[in-house]
Amino acid sequence: MSSVVKINVLTVPAEQREVLEQRFASRAGAVENSDGFEWFELLRPVEGTDQYLVYTRWRSEEDFKAWMEGPMQAAHRGGGEGGEAPKRPAASGSTLWSFEVVQSAGPKA
């Protein structure tokens, strides 16, 4: 069985970039302890686009779905803590791309 990769493409206006990055930084550990989780990266655009890429790799589609239906829902529900109003999304749009890993390589030892 091969791993699956999910890339969430987030359209983020320039004035919301810092907000988005701070929110991801403060969620440290939210996905790392999930069963089947293999890798996460938040990719900031350098030029020519306002789209961030949120890259995650999972052992299986089932592991990804279990995270989406459980921990991810809980993390995104409401958004406010301690009676705060829910936080406005930093992204103005989102698209999810799905891939299967068919080849993979790392640096030679």
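This passage walks through the sheet, the aromatic pairs and a few individual residues of a predicted model.

Start with the sheet. Four strands make up an open sheet in the order 2-3-1-4, and the pairing is antiparallel. Strand 2 (37-43) and strand 4 (93-100) sit at the edges, each pairing on one side only. From one strand to the next, the twist averages 15°. As a general matter, the strands of a sheet pair through backbone hydrogen bonds, either parallel or antiparallel.

Strand 1 is a good place to look at the pairing up close. Strand 1 covers residues 4-11 and is joined to strand 4 by eight bridges, with the two running antiparallel. On its other pairing, eight bridges join strand 1 to strand 3, and these two run antiparallel as well. Individual residues show how the register works out. Val9 has Thr95 as its bridge partner in strand 4, while in strand 3 the residue opposite Val9 is Leu53. Ile7, for its part, stands opposite Trp97 in strand 4. Six of the eight residues of strand 1 are buried, so this strand is largely enclosed by the rest of the structure.

Then there is the helix that sits against the sheet. Helix 1 (residues 17-26) packs on the sheet and touches strand 1, strand 2 and strand 3 (51-58). The direction of helix 1 makes about 20° with that of strand 3.

On to the aromatic rings. A pair of aromatic rings is described by the distance of the centres and the angle of the planes. Searching the whole structure turns up five aromatic pairs. One of them is Phe24 with Phe40, a stacked pair at 6.0 Å centre to centre with 20° between the planes. Phe24 belongs to helix 1 and Phe40 to strand 2, so the pair ties together parts that are 16 residues apart in sequence. The two rings' residues fall in separate burial classes: Phe24 has 18% relative accessibility and counts as buried, whereas Phe40, at 22%, counts as partly exposed. The cut-off for buried is under 20% relative accessible area, so Phe24 makes it and Phe40 does not.

Trp58 and Trp67 form another aromatic pair, this one tilted, with 5.4 Å centre to centre and 35° between the planes. Trp58 is buried, its relative accessible area being 0%. Trp67 also counts as buried, at 15% relative accessibility. These two tryptophans belong to a wider group, as ring pairs link Phe37, Trp58, Phe64 and Trp67 into a cluster.

A few single residues round out the picture. Leu42 is part of strand 2 and is partly exposed, with a relative accessible area of 26%. Setting aside neighbours within four places in sequence, Leu42 is in contact with Glu21, Phe24, Tyr52, Leu53 and Val54. Phe24 in that list is the helix 1 residue from the stacked pair with Phe40, and Leu53 is the strand 3 residue opposite Val9. Leu42 and Asn8 are 34 residues apart in sequence, yet their C-alpha atoms are 9.6 Å apart in space.

Asp63 belongs to helix 2 (residues 61-76). With 11% relative accessibility, Asp63 counts as buried. Its side chain makes a polar contact with the side chain of Ser60, at 3.0 Å. Not counting residues up to four places away in sequence, Asp63 touches Asp35, Gly36 and Trp58, and Trp58 is also a member of the ring cluster.

Ser3 is found in the segment before strand 1. At 16% relative accessibility, Ser3 counts as buried. The side chains of Ser3 and Glu38 make a polar contact at 2.7 Å. Apart from neighbours within four places in sequence, Ser3 is in contact with Glu38, Arg57, Trp58, Arg59, Phe99, Glu100 and Val101. Trp58 thus turns up once more, listed as a contact of Ser3 and of Asp63.

Conventions:
Residues are numbered from 1 along each chain as its sequence is written. This is a predicted model: local features need pLDDT of at least 70, side-chain atom pairs count only at pLDDT 80 or more; totals for chains, interfaces and linings use all residues. Side-chain values use heavy atoms; hydrogens and water are left out. Two strands pair if DSSP finds at least two bridges between them. Axes are lines fitted to C-alpha atoms, for helices over the stretch in contact, and angles run from 0 to 180 degrees between N-to-C directions. Contact means heavy atoms within 4.5 Å. Buried means under 20% relative accessible area, exposed over 50%, partly exposed in between (1.4 Å probe, protein chains only). Rings of Phe, Tyr and Trp (its six-membered ring) pair if their centres lie within 6.5 Å; planes under 30 degrees apart count as stacked, over 60 as edge-to-face and the rest as tilted. A polar contact is a pair of N or O atoms within 3.5 Å; within protein, one must be able to donate a hydrogen and the other to accept it, and residues adjacent in sequence count only if both atoms are side-chain atoms.
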